[in-house]
Amino acid sequence: MYGFKGQGMSLRSIAKKLGRCQSSLTRELQRNIKYGNEYSKNEYLACKAQQLAEKRSAKQHYKAPLKNPAIFVYVRKHLRAPFGWSPETIAGRLTIDHPELSICHETIYQYIYSRRKKTRGMHLEQYLVLGRKKRMKQNGRSVHKASKIREAVSIDLRPKVVNRRKQTGHWETDNIIGKQTDKSALSVTVERVIRVTLINKLWDRSAATKTATVGRRLNQFSNNGKRTVTADNGSENTNHKELTTLTAMLVFFCHPYHSWERGTVENTNGIIRRYIPKGVSIDTLSDEYIAAVEYKLNTTPRKCLHYLTPYEMMHKLHITTTK
């Protein structure tokens, strides 16, 4: 390069002859004439420039992410694509598309959740299926195979007619929590067929309070409106035997962490959250407001009821209450 320069050729002409970018030649000269030549500040020596380049390379501690650039490009391409692949899919497919390359899916996960500044700014976790900002434990949370509630009757033993939603009187119950510091909670009990919802404020989260409240509300219904109750494995349901004695209704328990087995009450909780958002203290809610929310839900037309309201369905099916 410097030989051509001595012949009076311009950098543009030299770059064209060497098949390089002009700016690359400019940077090469500036780097090595300014810092690399101890004999003359205006002379470029190729051998000296090569020594400096090797010295700079040795000083660099940057490690190419994901083993090498080829794997890096492959991972980024398939991870960031619309409806991109999971790290497991990327790692598995890489060996098929490029047999000479390989990477473990765990390495990709570690790169995505790396604490390095450069990686954090990319927000690569958004391209994962769940898009969690923090990584979960590899094996997830532990799941209890059996209920800890004494003498609990599994939902597997519940009459099959309940699943068909053809017979009234089958209820699901759950609690809604406000702030973690709250002493109180909301008891939500929903009928599976007509979708009538009962909401009550529990002044404490004890099993005795839950049992007394749910039992009092269910006993207001006629016999064709109370047959079974399905609950979760929360400690508030440990007095299920007392609830059966109080209401003559059988109580069944879902499998741990199987919230879909009480889909009706879970869906209703989501509707209630429109009126009582997460983070709102239950302690501050008045009984009048809670009753108003219950009335609103029971007087709203439902698509599943062919746009009748729960109260209208209750009247249509001749379910009476003492209230």
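These exercises, each with a worked solution, go through a predicted model of one protein chain.

**Exercise 1. The chain as a whole**

Find how many helices and strands the chain has, and what share of its residues counts as buried.

Solution.
- Start with the elements. The chain has 13 helices and 5 strands.
- Next, burial. The chain holds 323 residues, and 37% of them count as buried.
- Last, contacts. Take those with a separation of 6 or more: residues 24 or more positions apart account for 55% of them.

**Exercise 2. Helix H6 between its neighbours**

Find the buried residues of H6, decide how they are placed around the axis, and name elements that cover them.

Solution.
- H6 runs over residues 87-97. Its buried residues are Pro87, Ile90, Ala91 and Leu94.
- These residues cover an arc of only 95° around the axis, so they sit on the same side of H6.
- The cover over them includes H5 and H7.

**Exercise 3. H6 against H7**

Describe how H6 and H7 cross, then list the residues that make the contact.

Solution.
- Two numbers come first. Two packed helices are described by the angle between their axes and the distance between the axes.
- H7 spans residues 105-112; its axis and that of H6 come within 8 Å and cross at roughly 135°.
- That angle makes H6 and H7 oblique to each other.
- The crossing of H6 past H7 is right-handed.
- On the H6 side, the contact uses Pro87, Glu88, Ile90 and Ala91; on the H7 side, it uses His105, Ile108, Tyr109 and Ile112.
- By class, this contact of H6 with H7 has 6 nonpolar residues, 1 polar and 1 charged.
- Now look at burial in H7. Its buried residues are Ile108, Tyr109, Tyr111 and Ile112.
- They span an arc of only 160° around the axis, which puts them on the same side of H7.

**Exercise 4. H5 against H6**

Repeat the analysis for H5 and H6.

Solution.
- H5 covers residues 69-80; its axis and that of H6 come within 11 Å and cross at roughly 125°.
- H5 and H6 are therefore oblique to each other.
- H5 passes H6 with right-handed geometry.
- H5 supplies Ile71, Tyr74, Val75, His78 and Leu79, while H6 supplies Ile90, Arg93, Leu94 and Asp97.
- The residues of this contact of H5 with H6 divide into 6 nonpolar, 1 polar and 2 charged.
- Compare the lists. Ile90 of H6 takes part in the contact with H7 and in the contact with H5.

**Exercise 5. H9 and H10**

Decide whether H9 and H10 are roughly parallel or oblique, and find which residues meet.

Solution.
- H9 (residues 207-218) and H10 (residues 240-247) pack at about 25°, with their axes 10 Å apart.
- Angles under 35 degrees count as roughly parallel. H9 and H10 are therefore roughly parallel to each other.
- Their crossing is right-handed.
- From H9, Thr211, Val214, Gly215, Arg216 and Leu218 meet Glu242, Leu243, Leu246 and Thr247 from H10.
- The contact of H9 with H10 counts 4 nonpolar, 3 polar and 2 charged residues.

**Exercise 6. H11 and the loop before it**

Locate the buried residues of H11, then examine glutamate 261.

Solution.
- H11 spans residues 263-272, and its buried residues are Thr264, Val265, Thr268, Asn269 and Ile272.
- Viewed down the axis, they fall within an arc of 135°, so they line one face of H11.
- Their cover includes strands S1 (170-176), S2 (185-191) and S3 (197-202), and helix H12 (287-298).
- Glutamate 261 lies in the loop between strand S5 (250-253) and H11.
- Its relative accessibility is 17%. Buried means under 20%, so glutamate 261 counts as buried.
- Leaving aside residues up to four places away in sequence, glutamate 261 touches Ile155, Glu172, Cys254 and His255.
- Take isoleucine 155. It is 106 residues from glutamate 261 in sequence, yet 8.4 Å away in space, C-alpha to C-alpha.

**Exercise 7. Two residues with positive phi**

Are histidine 306 and tyrosine 307 buried or exposed, and what is phi for each?

Solution.
- Histidine 306 is found in the loop between H12 and H13 (310-316). Tyrosine 307 is in the loop between H12 and H13 too.
- Phi is near 55° for histidine 306 and near 65° for tyrosine 307.
- Each value is positive in a residue other than glycine.
- Histidine 306 has a relative accessible area of 69%, so it is exposed.
- Tyrosine 307 is exposed as well, at 55%.

Note on methods:
Residues numbered from 1 in each chain as written. Predicted model: local features only at pLDDT ≥ 70, side-chain atom pairs only at ≥ 80, totals over all residues. Heavy atoms only, no water. Buried < 20%, exposed > 50% of the residue type's maximum accessible area, 1.4 Å probe, protein only. Helix = DSSP H or I, 4+ residues; strand = E, 2+ residues; numbered from the N terminus. Arc of directions from axis to C-beta. Contact = heavy atoms within 4.5 Å. Axes fitted to C-alpha atoms, helices over the stretch in contact; angles between N-to-C directions. Parallel < 35°, antiparallel > 145°, perpendicular 65-115°, else oblique. Left-handed = near helix turned anticlockwise from the far one by under 90°. Nonpolar A, V, L, I, M, F, W, Y, C, P; charged D, E, K, R; others polar.
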